[in-house]
Amino acid sequence: MQYAWLTDIHLNFIDDVARQKFYQEIVNTGCDGVLISGDIAEAPCLVDILNEMMRYIDKPIYFVLGNHDYYRGQIQEVHDAMTALTKEHDKLFWLSASGIQKLDNNTFLIGQDGWADGRLGDYQNSRVVLNDSRMIADLFQEKILGKYQLLEKMQQLADADAIKLQKDLKQAVSQALKKIIVLTHVPPFKEACLHEGKISGDDWLPYFSSKVIGDVLITAAQQNPQIEFLVLCGHTHSEANVCYDNLVIEVGKADYCRPEIQKIILV
Ligand SMILES: [Fe+2]
């Protein structure tokens with residue numbers, strides 16, 4: 001089986017013709033399904049774009065959401081919309097809610113959106129202000145209250161997803177398969193958060209990485225050395241490939257307005 005991996009495709013930035021051309025490229029790979037590690041579009045058009053993808057591609061699409069998918073929206077509203085949408089399509093899976101998916105006899109697929117948790121780098125002294133705290137209603141409200149209220153909210157979101165990922169991992173490893181593929185938007189280790197080939201600076205790392213997801217992944221990998229873990233993510237738009245024994249993290253390269261197929265994942 002072959003799966004086309006996409007990340008940070010930001011389809012709201014391109015017109016209908018360019019989107020259809022991109023869908024056709026995906027179909028032309030002959031893949032059996034699509035994996036998307038977040039930043040598909042923005043909240044107001046996310047449902048329409050996912051419906052459009054399903055119509056053109058007509059293969060199973062497994063996805064998690066990125067921070068941009070919540071832009072111009074409110075987190076619970078987006079969650080509700082995804083829950084309703086995936087009920088309408090039997091081949092569309094929002095992994096954050098659908099739980100573990102068996103791709104074949106040896107491979108499980110799981111995923112959680114994931115959020116940057118401010119725990120790597122230097123949040124206190126960072127002068128970075130990400131658009132997230134302007135464009136996502138829930139984060140905007142906290143940012144108005146202060147930098148530490150924002151951090152608390154980021155960690156609350158990141159930790160909730162990490163707990164769900166831990167639960168899914170536990171269920172997947174209990175079935176003793178050979179391989180687990182994990183989709184999550186935010187890279188889990190600083191070594192995977194690159195900018196121009198180097199690890200991102202301490203001012204950006206708090207917003208580019210999820211330490212809590214990294215902790216969950218490394219624990220699962222160390223406790224299950226017989227299983228191969230492949231983690232596919234995005235967010236930084238900078239390619240990275242990091243390997244810790246049986247745990248491989250791949251981060252996709254992305255440019256706004258030029259959606260790409262990252263690679264074909266063979267299962
Ligand atoms: Fe992105």
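Let's start at L130, which counts as partly exposed, with 19 C-beta neighbours inside 10 Å. That label follows because a residue needs 20 or more such neighbours to be called buried and 12 or fewer to be called exposed. Keep in mind as we go that this is a predicted model. L130 sits in the loop between strand 6 (107-111) and helix 5 (132-135). Its long-range partner here is F208: the two are 78 residues apart in sequence, yet their C-alpha atoms are 9.9 Å apart in space.

From that loop, move on to the nonpolar interior. The largest nonpolar core has 77 residues. Within that core, L35, L95, L217 and F229 have the most contacts. Helix 7 (residues 147-173) gives the most to this core, contributing eight residues. L217 is a handy place to zoom in: leaving aside residues up to four places away in sequence, L217 touches V182, P188, F229, V231 and L247. F229 thus turns up both in the list of best-connected core residues and among the contacts of L217.

Now for the helix packing. Two packed helices are described by the angle between their axes and the distance between the axes. Take helix 7 with helix 9 (residues 211-223): the axes come within 9 Å and cross at roughly 15°. Helix 7 and helix 9 are therefore roughly parallel to each other, and the crossing is right-handed. On the helix 7 side, the contact uses A158, D159, A162, L165, Q166, L169 and V173, which meet V212, I213, V216 and A220 in helix 9. Sorted by class, the residues of this contact come out as nine nonpolar, one polar and one charged.

Helix 7 has another partner in helix 6 (residues 137-145), and here the axes come within 5 Å and cross at roughly 150°. This crossing is right-handed too. Helix 6 brings D138, L139, E142, K143 and L145 to the contact, while helix 7 brings Q149, L150 and K153. The class split for helix 6 with helix 7 is three nonpolar, one polar and four charged.

Back towards the N terminus, helix 1 (residues 16-28) and helix 2 (residues 43-57) have axes that come within 9 Å and cross at roughly 45°. That angle is why helix 1 is oblique to helix 2. The crossing of this pair is right-handed. R19, Q20, Y23, I26 and V27 of helix 1 meet E52, M53, Y56 and I57 of helix 2. By class, that contact holds six nonpolar, one polar and two charged residues.

Finally, a look at some backbone geometry. Most residues other than glycine have a negative phi. D39 goes the other way, with a positive phi near 60°. You'll find D39 in the loop between strand 2 (33-37) and helix 2. D39 counts as buried because 27 other C-beta atoms lie within 10 Å. C257 also has a positive phi, near 75°, and lies in the loop between strand 12 (247-251) and strand 13 (263-266). C257 is exposed, since it has 10 other C-beta atoms within 10 Å. So the two loop residues sit in contrasting surroundings: D39 is buried, whereas C257 is exposed.

Terms used:
Residues are numbered from 1 along each chain as its sequence is written. This is a predicted model: local features need pLDDT of at least 70, side-chain atom pairs count only at pLDDT 80 or more; totals for chains, interfaces and linings use all residues. Axes are lines fitted to C-alpha atoms, for helices over the stretch in contact, and angles run from 0 to 180 degrees between N-to-C directions. Helices (H or I, at least four residues) and strands (E, at least two) are DSSP runs, numbered from the N terminus. Angles under 35 degrees count as roughly parallel, over 145 as roughly antiparallel, 65 to 115 as roughly perpendicular and the rest as oblique. A crossing is left-handed if the near helix is turned anticlockwise from the far one by less than a right angle, and right-handed if clockwise. Two residues are in contact if their C-beta atoms, placed from the backbone, lie within 7 Å. Ala, Val, Leu, Ile, Met, Phe, Trp, Tyr, Cys and Pro count as nonpolar, Asp, Glu, Lys and Arg as charged, and the others, Gly among them, as polar. A nonpolar core is a set of buried Ala, Val, Leu, Ile, Met, Phe, Trp, Tyr and Cys residues joined through C-beta atoms within 7 Å.
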